[in-house]
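Let's take a walk through this structure together. Have a look at it first, and then we'll go through it piece by piece.

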Amino acid sequence: MATKIRLQRGGRKSYAFYSIVIADVRAPRDGKFTEKIGTYNPNTNPATVDLNFERALYWVENGAQPTDTVRNILSNEGVMLMKHLNGGVKKGAFDEATAKAKFDAWKQAKAQGFEAIKTKEADAKKAAKKAALEAEKKLNEAKAKAIADKKAAAEAANAPAAEEEAPATEEEATEAPAEA
């Protein structure tokens with residue numbers, strides 16, 4: 001029996017959710033399957049993958065052919081690299097300890113890469129937030145200046161009337177102490 005590792009669609013309309021399954025080549029996409037080895041949710045950022053690593057490695061080593069998307073998923077999770085390293089161990093190129101060390105080094109480098117991406121995205125968010133705040137401050141300053149100019153123009157328009165009244169009050173103020 002020829003087997004494939006493929007995605008089986010689930011979820012609701014406009015929100016796809018996939019199961020990673022082992023199925024016969026002749027079975028339909030959402031039909032009968034042999035074993036479910038994980039899930040794949042492309043709706044999150046980054047896509048969420050929950051995979052039974054040992055079972056996926058077992059099936060890949062025993063000849064199950066992954067589809068293109070599943071091959072990418074398995075490569076990102078390290079299943080394909082582990083298959084390659086196990087092939088080197090079987091041929092005698094290196095021992096299991098070396099293969100495990102290489103795999104751990106790859107996994108650590110991949111984790112550092114993800115951390116770098118997350119840090120870069122967080123910094124970009126902070127910079128965008130800071131730029132938006134600065135733009136808002138400039139906009140508020142421009143609005144405040146426009147309002148101040150408008151008030152100054154209104155006061156300037158009212159000022160001549162106030163200046164005509166002001167000398168009369170000053171004359172009354174100077175006359176009042178003289179009379180006293």
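**A loop with a twist**

Start with proline 46, which sits in the loop between strand 3 (35–41) and strand 4 (48–51). Strands here are DSSP runs of E with at least two residues, helices are runs of H or I with at least four residues, and both are numbered from the N terminus. Before going on, note that this is a predicted model, where local features need pLDDT of at least 70, side-chain atom pairs count only at pLDDT 80 or more, and totals for chains, interfaces and linings use all residues. Residues are numbered from 1 along each chain as its sequence is written, and side-chain values use heavy atoms, with hydrogens and water left out.

Back to that loop: the peptide bond from asparagine 45 to proline 46 is cis, with omega near 0°. Most residues other than glycine have a negative phi, and most peptide bonds are trans. Serine 14 also goes its own way on phi, with a positive value near 65°. You'll find serine 14 in the loop between strand 1 (3–12) and strand 2 (15–24). Those two strands form a hairpin with 2 residues between them. Serine 14 is exposed, at a relative accessible area of 72% (exposed is over 50%, buried is under 20%, and partly exposed is in between, using a 1.4 Å probe and protein chains only).

Now follow the strands themselves. Strand 1 and strand 2 run antiparallel, joined by 10 bridges; strands pair if DSSP finds at least two bridges between them. Glycine 10, for instance, stands opposite phenylalanine 17 in strand 2. Strand 2 is also antiparallel to strand 3, with 5 bridges joining them, and isoleucine 20 has glycine 38 in strand 3 as its bridge partner. In strand 2, 7 of the 10 residues are buried.

Tyrosine 40 lies in strand 3 and counts as buried because its relative accessibility is 16%. Its C-alpha is 8.2 Å from that of leucine 7, although the two are 33 residues apart in sequence.

What about the aromatic rings? Rings of Phe, Tyr and Trp (its six-membered ring) pair if their centres lie within 6.5 Å; planes under 30 degrees apart are stacked, over 60 edge-to-face, and the rest tilted. That gives 4 aromatic pairs. In one of them, phenylalanine 53 and phenylalanine 103 have ring centres 5.7 Å apart and planes at 50°, so the pair is tilted. This pair links helix 1 (residues 53–61) to helix 4 (residues 96–179).
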